[in-house]
Amino acid sequence: MASVGEPIFLDAGEAALVVEFGRTVDPAAHNRVLSLDAAMAACELPGVVELVPTIRSLMIHYDPLVIDRTALVDAVRNIETAAADTRPVRRWTIPCCYDPTFGEDITQVADQLGMTPERVVALHSGATYRAYMYGFLPGFCYLGGLPKELTVSRRVTIRPPHPSGTIMIGAGMGLITTFAMPTGWWLIGRTPERMFSLAREQTFLAAVGDEIKFEPIDLEAFHALDRRAERGEVVATVTALP
Amino acid sequence: MSAALKTVSAGPGVTLQDAGRHGYLRYGVTAAGPMDRLAMATANRAVGAAPGATAIEVSLGGIELVAEGATLPLAIVGGAFDVSIDGHKLPPAVRLALTPGARLRIRAGADGAWCYVAVGGRIDVPPVLGSNATHTRSSLGGIDGRALATGDVLPVVDIGPCEGGAAGLTAPWLARSDDPIRMILGPQDDYFSREQIERFCRERWTISHRSDRMAYFLEGPQIAPANGLNIVSDGIVMGAIQVLGDGRPMVLMADRQVTGGYPKIATVIGPDQGRLAQMRPGSSVRFATTAIEQAVAARRAERAILDAAIEAVPLVRHPSDDVLLESNLISGVTAGSGNVDAD
């Protein structure tokens with residue numbers, strides 16, 4: 001087991017238990033979230049309604065008329081102790097166009113960090129990320145593994161909505177978006193891939209815990225892939241990890 | 001002609017809801033579902049439908065409906081809204097048969113912020129990820145992911161029997177008390193000092209006019225977290241009381257986002273969420289801490305209510321005016337007795 005100590009049990013009301021492995025963004029804590037998530041899903045404990053893995057905790061929604069808190073905490077302790085370590089089993093390679101048309105903040109980010117825009121692209125597309133959690137809106141995928149050199153503070157003010165598919169950085173993390181929304185993060189590119197699409201058999205692409213890499217593409221390739229993605233095709237590639 | 005409910009007019013914020021879109025929180029999908037779960041379940045039960053069947057959630061904006069193609073059995077339950085058919089007043093908790101040509105009108109009334117129109121039959125719109133619950137922020141569910149609008153046609157299938165004329169529904173559990181809204185501390189109550197938590201419970205808060213299905217903002221003093229304004233995002237449940245960076249609390253409701261990065265001082269217990277939801281902007285509200293055992297007991301009481309049959313008392317036309325009356329009705333709807341939420 002990872003050595004981040006015993007989990008802390010917190011209540012989010014009488015029908016949700018938060019199993020917290022840390023209070024910071026920490027890959028070791030996230031590993032334990034994933035291990036417990038997988039183990040809880042496998043054992044199908046009666047009364048457990050839904051599991052929500054986040055960066056540092058697992059939220060367990062439960063029916064307190066079926067399983068009470070004490071029994072749930074006991075079960076989780078046992079399951080957690082026995083849970084096998086998990087590691088990513090697949091990697092998504094997601095096309096990303098860093099052209100300033102889409103990465104409209106890339107120059108500003110580069111200026112803040114004292115590097116060239118090309119260096120920002122090289123760092124961002126050279127890193128291997130992990131899907132840490134989904135949040136905010138369907139398919140908004142928060143990524144751990146952003147290179148330290150790309151750490152920028154949030155915008156001072158919220159900017160107007162970015163297009164769907166925008167790739168952003170901020171708060172020490174990466175983000176793939178699915179809906180046009182106002183944001184305090186920085187826009188550095190755009191993917192033609194849809195992380196969430198009701199027009200496709202596979203509604204959501206990556207699972208929490210999957211590895212993510214970005215492959216730079218030019219504007220022409222973006223538009224070609226975007227047309228294919230719009231027809232419901234998956235344009236990212238997925239490989240099984242050894 | 002196939003049967004349908006047609007929207008003659010709809011104010012803002014009227015949506016289709018069901019028990020919610022469950023199982024996709026891990027992909028960022030909000031469950032949505034009713035603001036007042038007990039009221040929607042009561043309406044559905046009154047027409048023989050499952051507690052979480054698809055129903056119309058009516059906001060303070062109100063709605064006017066007509067039946068097309070068949071007479072439709074309906075139940076209306078929720079806040080004390082003004083309900084009428086072709087100008088004839090009905091009680092706010094009522095079961096009726098809506099005949100084609102008759103116009104059902106529901107308007108904000110004396111009290112309450114939401115009411116539900118349940119159908120004896122099934123509102124047949126295509127489910128999205130297994131649910132008809134509307135979440136307008138992500139454009140999922142209901143009719144094209146949006147609020148109902150004038151001219152919308154809701155097909156109704158599997159129509160159940162219409163049991164006689166209009167009947168008042170006896171649902172004393174929907175006469176909500178003015179007791180403080182009960183909450184369980186956490187998950188981030190340790191971000192607040194003891195004095196701040198005591199103050200939160202002592203204050204009388206005002207529900208802001210900015211409130212909607214996503215969140216009820218609370219106006220009052222600032223309760224800035226003592227231990228920092230930001231946390232690493234974690235899961236959010238309905239009822240979570242999140243305190244923003246400026247020290248202003250908000251209660252996250254049915255359309256909340258699934259994760260958030262502000263500390264949550266406490267969580268409103270499930271059985272009190274509907275009572276809070278029915279408070280209108282401008283209402284004052286107080287909060288009190290409770291224990292999980294109390295919350296679970298209140299849930300159990302709620303379950304027992306929904307397991308029992310709902311009493312319906314036929315209405316008679318009052319000879320002197322257009323009001324349909326029934327002797328037990330007023331006490332049934334407005335009396336404070338039999339409140340299941342009491343400790």
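In this predicted model, the C-alpha centres of domain 1 and domain 2 of chain B lie 29 Å apart. The bounds, which come from an automatic or database domain assignment, place residues 4-171 + 310-334 in domain 1 of chain B and residues 181-298 in domain 2 of chain B. Where the two meet, with contact meaning heavy atoms within 4.5 Å, domain 1 of chain B gives 26 residues and domain 2 of chain B gives 20 residues.

Between them these domains bury about 1600 Å², 49% of it on carbon and sulfur atoms; buried area is the accessible area (1.4 Å probe) that two parts lose on being put together, summed over both. The domains also share two salt bridges, a salt bridge being a side-chain nitrogen of Lys or Arg within 4 Å of a carboxyl oxygen of Asp or Glu. B:Glu57 forms a salt bridge with B:Arg213, and their closest N and O atoms are 2.8 Å apart.

We can turn next to empty space. The second largest pocket (an open set of points on a 1 Å grid over the protein atoms alone, where a 1.4 Å probe fits, with protein on both sides within 12 Å along at least five of seven lines) is lined by 43 residues, and A:Ala15, B:Ala19, B:His22, B:Arg37 and B:Arg299 lie nearest its centre. Lining residues have an atom within 4 Å of a point.

Residues are numbered from 1 along each chain as its sequence is written, and chains are lettered from A in the order in which they are written. Local features need pLDDT of at least 70, side-chain atom pairs count only at pLDDT 80 or more, and totals for chains, interfaces and linings use all residues, while side-chain values use heavy atoms, with hydrogens and water left out.
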